[in-house]
Amino acid sequence: RGEDVPGLLHLGIDLIRAGQPERAIHALERANQLDPSVELGYVHRILAYALLDRHEDAEVMFYLARQHAPPATNADPGNAPENQAHSADEATPLPTETDEQPASTRGHGEDGEPAADDDPPFYNSDLETQSFAYDYLAQSLVARGEYDRAAWCWHEALQLDPAHPEANRSLALLHQQRGQTERARLYFQRQLRLDPDDVDTLLDFADMLFDNDRLAEAGEKYRRALDCDGTLAIAQQRLGDLALINGHLAAAIDRYERARQLDPSLPGIHLGLASAVHQRGDDERARLYVAEELEREGQSAEQVIDLAGLLIDLNLYHETERLLNPLVSGADDLLMNDNVLYASALLCRGVARIEQGKLEDGATDCERCLKLSPGNVTALLQLAEAQFKAGDLDAARRWLREGLETSPHHGPLRWLNRKVRWARFRRGVRRFFRNRD
């Protein structure tokens, strides 16, 4: 494009969208060389630098953008309170379930008609432009762990443009990450009032509800997302998960198959199918799906552990251990911040090792699991099982006693306890006759 400022701005934005932030910076920088007062050149360089992890440069661009913003928008993120978990929330009231937001002019021309598709959304007002500056800076701050300042910036973006497309959702995700589910819920709801067809928000909201066992609400949001976009494989997969949880196996298989048709590379899809057909008693077909899942990459730690549990159910112990070894050995990166996941990985590997006769290694894994998850009844049962198989009945009895104190009505513990007591009785009888002889 030519050397005119609008052309350079368009070029810079197109390059960002095309995943070429370095080239975008050159175009936007040239636009500001031709006209240093053009705020948009600085605003979009914030995003370009953030994409390149050049966060200090991103913050410099923010302050340059502020210098060319209307005086009313010159709030300073450097003055935002830091190291306070809720400081940003105290500065701005939370949205309510019924609050009404002013309509945004984004995407519309001066006569109120929709703007042309190639018109950038920020050409409409200085306030909208500056709201993007705060949003882009917030993304940069999140990347370097400055969550309070990021939340403050998103609040400022909403003050400038209450219909900003990313600020509500970003604040919802930030509160969700902090475990503030109800706060996150309010921001998700506000964004959906502004844009009921916002598929990304629908999926993120549904995932949060799913993780918090609000399964009926989660299903409603996944179905709404599918109504908006019928090609969403992830929504089909999640609906399959919900059907599986509720014991609707045929419906689960149908949803998983639809998801697989939409995206055969979807992580965990064969795991879901394997779980569903295993519960229907078709272990041969389940093993085929498991074999397909084992060949795939990109599973989350949760999916790997779920797959390991299914492999144990199918008596594929060697495959279980092989699957979990990289996960457990790389736990510093993947699991150390989540004791529940790490303990689950150790326990699954411990079970697989014990079932293969690797009693000492399996017991070690189960003991490490107990340190992370004290009183874990399954770990105590496996430790007792390992000692029983090794012939150390007294050690088995000690682990069983601890398990039964935690869960006195646990069926497998009580059954193994009877076996150990019988074995100890037989041992005593043998000793009696040997001593008499």
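Two residues are in contact here when heavy atoms sit within 4.5 Å of each other. Helices (H or I, at least four residues) and strands (E, at least two) are DSSP runs, numbered from the N terminus.

This is a predicted model, where local features need pLDDT of at least 70 and side-chain atom pairs count only at pLDDT 80 or more, while totals for chains, interfaces and linings use all residues. Residues are numbered from 1 along each chain as its sequence is written, and side-chain values use heavy atoms, with hydrogens and water left out.

Let's start with the whole protein. It has 23 helices and 0 strands. Of its 437 residues, 48% count as buried (under 20% relative accessible area; exposed is over 50% and partly exposed is in between, with a 1.4 Å probe and protein chains only). Take the contacts with a separation of 6 or more: 54% of them come from residues 24 or more positions apart.

Now for a pair of helices. Two packed helices are described by the angle between their axes and the distance between the axes. For helix 10 (residues 199-211) and helix 12 (residues 233-245), the axes come within 12 Å and cross at roughly 20 degrees. Axes are lines fitted to C-alpha atoms, for helices over the stretch in contact, and angles run from 0 to 180 degrees between N-to-C directions. Helix 10 and helix 12 are therefore roughly parallel (angles under 35 degrees; over 145 is roughly antiparallel, 65 to 115 roughly perpendicular and the rest oblique).

Which residues in helix 10 meet helix 12? They are Leu203, Asp207 and Phe210, and their partners in helix 12 are Ile234, Ala235, Arg238, Asp241, Leu242 and Ile245. The residues of this contact split into 6 nonpolar, no polar and 3 charged. Here Ala, Val, Leu, Ile, Met, Phe, Trp, Tyr, Cys and Pro count as nonpolar, Asp, Glu, Lys and Arg as charged, and the others, Gly among them, as polar.

Next, two loop residues, neither of them glycine, have a positive phi:

| Residue | Phi | Loop | Relative accessibility |
|---|---|---|---|
| Asp53 | near 60 degrees | between helix 3 (39-51) and helix 4 (55-67) | 58%, exposed |
| Asp213 | near 65 degrees | between helix 10 and helix 11 (215-228) | 63%, exposed |

Finally, the cysteines. A disulfide is a pair of cysteine sulfur atoms within 2.5 Å, and by this rule the count is 0. Cys369 is in no disulfide, and the nearest cysteine sulfur, that of Cys366, is 6.6 Å away. Cys369 counts as buried because its relative accessibility is 0%.
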